[in-house]
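Welcome! Here is a short briefing to help you find your way around a structure that is new to you.

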Amino acid sequence: MLIPTSLLPADGRFGAGPSKVPADHASLDPRWIGTSHRQAPVKDVVGRIREGLTDLFGLPDGYEIALGNGGASLLWDAIPFCLVEDRARAATFGQFSAKAASAITKNPFVHDPEIDEAPAGSATLPTISDGIDTYLYPQNETSTGAMLPVARCGDGEALTVVDATSAAGGVSFDPREADVYYFSPQKCFASDGGLWFAVLSPAAIARIHTLTSKRWVPDILNLRLALENSRKNQTLNTPALATLHLLDRQLDWMLAEGGLAAMDARTTAMSDLVYEWAERTEWAHPFVADQYRSQVVATIDVDLPADEISAICRRSGIVDIDGYRGLGRNQLRVATFPATEPDDVRALLESLSWVGQQLSPR
Ligand SMILES: *Cc1c(COP(=O)(O)O)cnc(C)c1O
């Protein structure tokens, strides 16, 4: 069974990362790729990216952008080395936030973290309590499609560390509400994987300096080395140049379109289309309660076999709408990152309605 081509979106990539890369961004100068990341032509691109992110997020003075290799997952292991003084408290409500918390539990040099767990499909901020020096939570739990506003936890000395991997660039936030706001570029930034980026507040930078001067930290996890290299528009070791190029192109587009507010409006409008469709479709139901519904990753429980739906879609050119495997639900997951076209979301929903008609018992 194939979906009629008249219904199909022009671009069928709806994955939650890797995600759609605009076709015209993929072309690059063949004399640029394959050149040294320690020379001006590549360093200029890194510099533009750091400035572009500073602009896009409206960072206050003293906040800095650091980057390095390893993706957001690398930061999970860097956090207990470079940011947690001794006691962390983490909110978990899905696979990604659970992994971030477990990296602290596994680190032998700091206390096991306190954990505030909410069921999949819901969300919670960490509980404020005495003696905690670092709070952690995800802005958008990509495995379930639950989202929280970025809000500072505790006061005074404690740091607020936010995994913004799938939200950054698609959702408005106030940078003063976080000390570390980290992400990978293959989600809202329509680039490829391999790198991590982090917005660091002055308090986070101070904590990194203190801890890395008194502890052994493996170089690849050392955020002080990462920051020192970032200030020179470099990375500790060789980055994927194509990833930098694609991010640079997407940032240009985002800023030209009106910046973060415009991206926020765009992702909100597209995810609303998905949720409204699910609410009026008999066999589809939004998984996440209204107040936590993500505007960049929409999860939809279905009464028809999700595997069959996504297989028909894949054969027809609509890819990566499967639910997160580890969640184990009969579910579809649709990313509505900024690079996606609203018309393509409409076409996706028409295509899904058609598939539903074919699979529904008559
Ligand atoms: C994708 C994702 C990650 C992992 O990113 P990598 O670049 O693969 O390391 C971490 N956290 C969240 C919330 C994600 O969506």
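**A first look**

His285 stands opposite Asp301, a residue of strand β11. That pair is a handy place to start in this predicted model. From there, the briefing goes on to the sheet, then to the ligand, and lastly to some backbone details.

**The sheet and its helix**

- Strand β11 covers residues 297–302 and is joined to β10 by three bridges, with the two strands running antiparallel.
- The open sheet here has three strands, arranged in the order β10-β11-β12 with antiparallel pairing.
- Why do β10 and β12 each have one side without a neighbour in the sheet? β10 (284–286) and β12 (331–335) are at the edges and each has a single partner strand, so one side of each stays free of a neighbour in the sheet.
- On average, and ignoring direction, neighbouring strands of this sheet are turned by 30° against each other.
- Helix α8, made of residues 306–316, packs on the sheet and touches β11 and β12. The direction of α8 makes about 40° with that of β12.
- As general background, strands of a sheet pair through backbone hydrogen bonds, in either a parallel or an antiparallel way.

**Around the ligand**

- The ligand is surrounded by 13 residues, and the closest are Ser73, Thr142, Asp163, Ser184 and Lys187.
- Sorted by class, this shell holds eight polar, three nonpolar and two charged residues.
- Which helix gives the most to the shell? Helix α2 (residues 71–82) does, with four residues.
- Two side chains offer polar atoms to ligand oxygens: Lys187 has one at 2.8 Å, and Gln186 has one at 2.9 Å.
- The backbone takes part as well, with a polar backbone atom of Ala72 lying 3.2 Å from an oxygen atom of the ligand.
- On its own the ligand has 380 Å² of accessible area, and the protein covers 87% of that.

**Backbone details to look for**

- Most peptide bonds are trans, and most residues other than glycine have a negative phi.
- The peptide bond from Gly17 to Pro18 is cis, with omega near 0°. You will find Pro18 in the segment before α1 (40–57).
- Asn233 has a positive phi, near 60°, although the residue is not a glycine. Its place is the loop between α5 (223–231) and α6 (241–256).
- Asp320, also a residue other than glycine, has a positive phi near 65°. Look for Asp320 in the loop between α8 and β12.

Conventions:
Residues numbered from 1 in each chain as written. Predicted model: local features only at pLDDT ≥ 70, side-chain atom pairs only at ≥ 80, totals over all residues. Heavy atoms only, no water. Near = heavy atom within 4 Å. Polar contact = N/O pair within 3.5 Å; in protein donor to acceptor, adjacent residues only side chain to side chain. Areas by Shrake-Rupley, 256 points an atom, 1.4 Å probe, with all protein chains shown as cover. Nonpolar A, V, L, I, M, F, W, Y, C, P; charged D, E, K, R; others polar. Pairing = 2+ DSSP bridges. Axes fitted to C-alpha atoms, helices over the stretch in contact; angles between N-to-C directions. Contact = heavy atoms within 4.5 Å.
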